[in-house]
Amino acid sequence: MASADDQAAAAALLGGDPAAFDALLSTLMSSSNADRAAAEAAFHRLRSSHPEPLALRLASSLSSPATPADLRAMAAVLLRKLLSPTPSSDASSTSAAAPVWPHLSPAGQTALKSHLLSALQSDPPKPIAKKVCDAVSELAALLLPENAWAELLPFLFRAASGPEAPNLQESALLIFARLADYIAESLLDHLMTIHNLLATALAHPTSPDVRIAALSAAVNLVQCLPTNADRDKMQDLLPAMMRALTDCLNSGQEASAQEALELLVELAGAEPRFLRRQIADVVGAMLQIAEASQLEDGTRHLAVEFVITLAEARERAPGMMRRLPQFVGRLFAVLMQMLLDVEDEPAWHTAETEDEDAGEGNNYGVAQECLDRLAIAIGGNAIVPIASELLPQYLSAPEWQKHHAALVTLAQIAEGCAKVMLKNLEQVVSMILNGFQHHHPRVRWAAINAIGQLSTDLGPDLQIHYHQQVLPALANAMDDFQNPRVQAHAASAILNFSENCTPEILTPYLDGIVTKLLVLLQNGKQMVQEGALTALASVADSSQEHFKKYYDAVMPYLKAILMNATDKSNRMLRAKSMECISLVGMAVGKDKFRDDAKQVMEVLMSLQGTTMETDDPITSYMLQAWARLCKCLGQDFLPYMSVVMPPLLQSAQLKPDVTITSAESDDDIESDDDSIETITLGDKRIGIRTSVLEEKATACNMLCCYADELKEGFFPWIDQVAPTLVPLLKFYFHEEVRRAAVAAMPELLRSAKLAVEKGQAQGRDESYVKQLSDYIIPALVEALHKEPETEMCSSMLDSLNECMQLSGRLLDENQVRAVSDEIKNVIIASATRKRERSERTKAEDFDADEGELLKEENEQEEEVFDQVGECLGTLIKTFKASFLPFFDELSVYITPMLGKDKTAEERRIAICIFDDIAEQCRESALKYYDTYLPFLLEASNDENSDVRQAAVYGVGVCAEFGGHVFRPLVGEALSKLNNVITHPEAKHTDNIMAYDNAVSALGKICQFHRDGIDAAQIIPAWLNCLPIKDDKIEAKVVHDQLSSMVERSDADIIGPHSQYLPKIVSIFTEVIGSGAELATDETTKRMVNLLKRFQQTLPPDFLASTFSSLQPQQQLLLQSILST
């Protein structure tokens, strides 16, 4: 109960005289924290004790023109927050409570609704009107789904149709726009009325604000209509919607024009096909705006954004923009023109700071980003011809800015145009290398930048074919002491080049590169030293043991920087020295690195103990350096774990720094803060500080790294690490964190299992492994169920499979059921995604480029199904016939994958799953033969060699275990296997694995179905195929089988008058000669014994003729076998 004092205070504030309440509103805006806090507390008490009088008092302050403007605005904001069904995330005490609407009496509710509508009609000033609209929309969103505000829509219709009161008309249209989502369904019967109302408002004779509000309503309505047919009814509004934009521009109202453009960009992203019929007019108008240099940069950028958004709308309008090459060409030209917005800034040349973009204007950054996006969206087939026309013009111009722009363009389009650029690589590389000779350092910088970018996007082709031109050019650029920024960039480009490079390519250049980098380390500026450290690290990483030669020259410099670069200004330099030392250590190995490693770890340990500022780069670099030192030193690293782990766990447990606001609200997240990334989800805007996430991701990766490297040595940390990482399987703010958590799961289980097996588990036994498995596997299954990214689903299935292999029969029936159910969900979800993609192929503008992209997306689905096959294989191998009831439920999803309409990879995986069932479940699997064997036999001659291999392997398994069920099919099986074995291309590298498996299957038919074949014909044919050499697993099986048959003196194998013995001797000799590759030690011993038995039992002349039939090398080998 409220106290008597509270009651009296409430009566005073909410009584007849508004002055006391106005004073409260005024104090809520006070600059004095203490006064404002007291007012907030008073407001809060009123909200709790007198919600209805408070809401009505706010509404009457709002609707009374006599209330001062700032107080009306405050009343509107507070009222909206009282009504809001979701408390806003800002922590001000005035808003963090449940909405009051349900607590009002019916009379209070009616009064409040009428106050709000009269507030709109009282023609308040613009800022207040907007806030009233917010409050009305908030309440309407709550009431309209319940049909609880019958008078609102008629009121809005009247107000939106009345051009004589433009402010009210604007408000009504803004509310329409905000409510489109809630009312679209109920408006379907009145679409033409709304259409006419919007058409009139879009052409309002005097008010641009009404036109923009109408545009907003139109854009939102089009997005909310349920069908294309409904949207088509709005189609002819498009010219009026575009006119609303051009009228603003023609009358110089650029702020309104920018609002209009933002709305149209939203439409282009959400409903691009709405624009399709008039696409040429709409895009043409946008390009005119983009080309108009007299307009504000912001206006032009929005017009560019509109066209790029359309190009990116692949899922909703595939291929639509590629039909307009002339427009893509114009946009490309505009973007290249915008890249000329760069000046020669002294700060760039002095290179004292990181200020790489000194001298770049507004347009430059936008053009750079948009060229990248355009190339990725439209693809190389359309972009490269346009670029080929424009780049030479720019490169032959006198101005340095044009050369700079051309090189930046090449770098930006490389990712999207990689396939096409690879066909013209020579031309591209020579364009860039010419830039290395340009007189202007910014052009040389851009040329180096382009080589760096292309090394990533066009590697390893660039590295393989052009290392002789590129590496010497980068080495020369490192001599440019007049221009330290160019030097530093050349060193950084060495990093990009060597990342995609084999040691063989890099090694011949190491002398020159390492010598130059050491020079830069000693007398370059700090930025140059940092670049040199990064380059040395990457060169060591790429050349591995070849780097040993330089170790003694390099390491002293690296240690000197680590020990001495202690100033705050040198933080990054010191961090990079850690990175470089640890990568060099890994490259040369622990024997070479051991002594220095001790010293380095002393420094890291002392650093670990100091408190660092939150933005200190050393933290993240140190986490990674420790992990590399662990990889290098292996078990010798264990003593340092107690130093490394506590801060690492702390970083892995960092909470994401997240702010949530309403997407509509005016309280913007600091959008100019680079370290904050914002995403909009539904009606919420979420801001996330990325630096925290990156540190967390690094830490999680390192934890995985330690578990992987230290195996059972990691055991003492499992109890802290598992509860840290398992919840992160569902950490949706950052993919890298999830990826690391997923990868760590099997490593943790393996560590526990090995520790228990080796007696290093501090007295824990197998029940501990079971407990850990019971924690990890259900968590993985649940995370898989919620995972939004296809690629991550594959990783999760892979991790789950490894965990199941480690857990084996520790899995209980409920877990197996949960895994099976989730596999079913994964297959269904994948099929749904593929169906949605195939819908895109029906779009009017679908073309070959889209088909190519679609194929890549579907390949990800194949990867998912491949992992499903692996998981099922593990379950089948682990539980054998007791898994079959689960398999029966899944088979309805797996059998269709054998169909002709499926991809080769899907068919292969489905066949492998059945192969596993037949092999592991033996007689329990016979009931599936009727369904699967016809598929296997047909697939044995499939045109895809991987499918053939899986199928003929399965035929062999069925021959071995199928008994009477397989017998009637022996003839057909022989004919299919014969086709594979005798095919003219059978031994081609693509086909050899299928060939080997077919030979193995033929051997099994010879062994298990001898009475069903013509042995005199088939057995010599089989022997003629031996030995098999490429499928090492099958080779061991087949050669063991042959030894057994010979040991039994199998008459069909030895042949009439021992006529096949010379062939058998030749096979044995070749198999023994290949070491452990083609037979197990056991089989090899048996073969040697058999050869010695022949020597003792066969007539000398028979032996001599057998001997002479061998190749000379085989004769020598046989002699040495028989003489030992």
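# Exercises on a predicted helical model

The buried residues of helix α17 are Phe 327, Val 328, Gly 329, Leu 331, Phe 332, Val 334, Leu 335, Met 336 and Met 338. The model behind these exercises is predicted.

## Exercise 1. Helix α17

Compare the span of α17 with the expected value, and state which elements cover its buried residues.

Solution.
1. Helix α17 runs over residues 325-338 and has 14 residues.
2. From first C-alpha to last, α17 reaches 20 Å, close to the 20 Å expected at 1.5 Å a residue.
3. The cover over the buried residues of α17 includes α15 (279-291), α16 (297-312), α19 (362-378), α20 (380-395) and α21 (400-413).

## Exercise 2. His 301

Decide whether His 301 is buried or exposed, and find its polar partner.

Solution.
1. His 301 is placed in helix α16.
2. The relative accessible area of His 301 is 16%. Buried means under 20%, so His 301 is buried.
3. Its side chain makes a polar contact of 2.7 Å with the side chain of Asn 363.
4. With neighbours within four places in sequence left aside, His 301 is in contact with Met 338, Asn 362, Asn 363 and Val 366. Met 338 is also one of the buried residues of α17.

## Exercise 3. Helix α38

Check the length of α38 and list what its buried residues pack against.

Solution.
1. Helix α38 covers residues 766-786, which is 21 residues.
2. At 1.5 Å a residue the helix should span 30 Å; the end C-alpha atoms are 31 Å apart, so the two values agree.
3. Buried in α38 are Tyr 768, Val 769, Leu 772, Ser 773, Ile 776, Ile 777, Ala 779, Leu 780, Val 781, Ala 783 and Leu 784.
4. An α-helix has 3.6 residues a turn, so residues three or four places apart point the same way.
5. The buried residues of α38 pack against α36 (718-725), α37 (735-757), α39 (790-807) and α40 (813-840).

## Exercise 4. Thr 989 and Ala 537

Classify Thr 989 and Ala 537 as buried or exposed, and give a C-alpha distance for each.

Solution.
1. Thr 989 is in the loop between α47 (970-982) and α48 (992-1008).
2. Its relative accessible area is 65%. Exposed means over 50%, so Thr 989 is exposed.
3. Thr 989 and Asp 1030 are 41 residues apart in sequence, with 9.2 Å between their C-alpha atoms.
4. Ala 537 lies in helix α29 (residues 526-543). With a relative accessible area of 1%, Ala 537 is buried.
5. Not counting residues up to four places away in sequence, Ala 537 touches Cys 580 and Leu 583.
6. Ala 537 and Leu 144 are 393 residues apart in sequence and 63 Å apart in space, C-alpha to C-alpha.

## Exercise 5. The second largest pocket

Describe the volume and lining of the second largest pocket.

Solution.
1. The space in the second largest pocket is about 820 Å³.
2. Its lining has 26 residues, and those nearest the centre are Glu 613, Thr 614, Asp 616, Thr 619 and Glu 695.
3. Elements giving two or more residues to this lining are α32 (590-608), α33 (618-633), α34 (641-652) and α35 (690-710).
4. The largest share, six residues, comes from α33.
5. By class, the lining has nine nonpolar, twelve polar and five charged residues.

## Exercise 6. The chain as a whole

Summarise the make-up, extent and burial of the protein chain.

Solution.
1. The protein chain has 55 helices and three strands.
2. Along the principal axes, its C-alpha atoms fill a box of roughly 130 × 75 × 70 Å.
3. Of its 1124 residues, 54% count as buried.
4. Among contacts between residues at least 6 apart in sequence, 72% join residues at least 24 apart.

Definitions and conventions. Residues numbered from 1 in each chain as written. Predicted model: local features only at pLDDT ≥ 70, side-chain atom pairs only at ≥ 80, totals over all residues. Heavy atoms only, no water. 1 Å grid on protein atoms, 1.4 Å probe; cavity = no way out; pocket = protein on both sides within 12 Å on 5 of 7 lines; lining within 4 Å. Points joined across faces, edges and corners; volume = space filled by probe spheres on them. Helix = DSSP H or I, 4+ residues; strand = E, 2+ residues; numbered from the N terminus. Nonpolar A, V, L, I, M, F, W, Y, C, P; charged D, E, K, R; others polar. Expected span 1.5 Å × (residues − 1). Buried < 20%, exposed > 50% of the residue type's maximum accessible area, 1.4 Å probe, protein only. Contact = heavy atoms within 4.5 Å. Polar contact = N/O pair within 3.5 Å; in protein donor to acceptor, adjacent residues only side chain to side chain.
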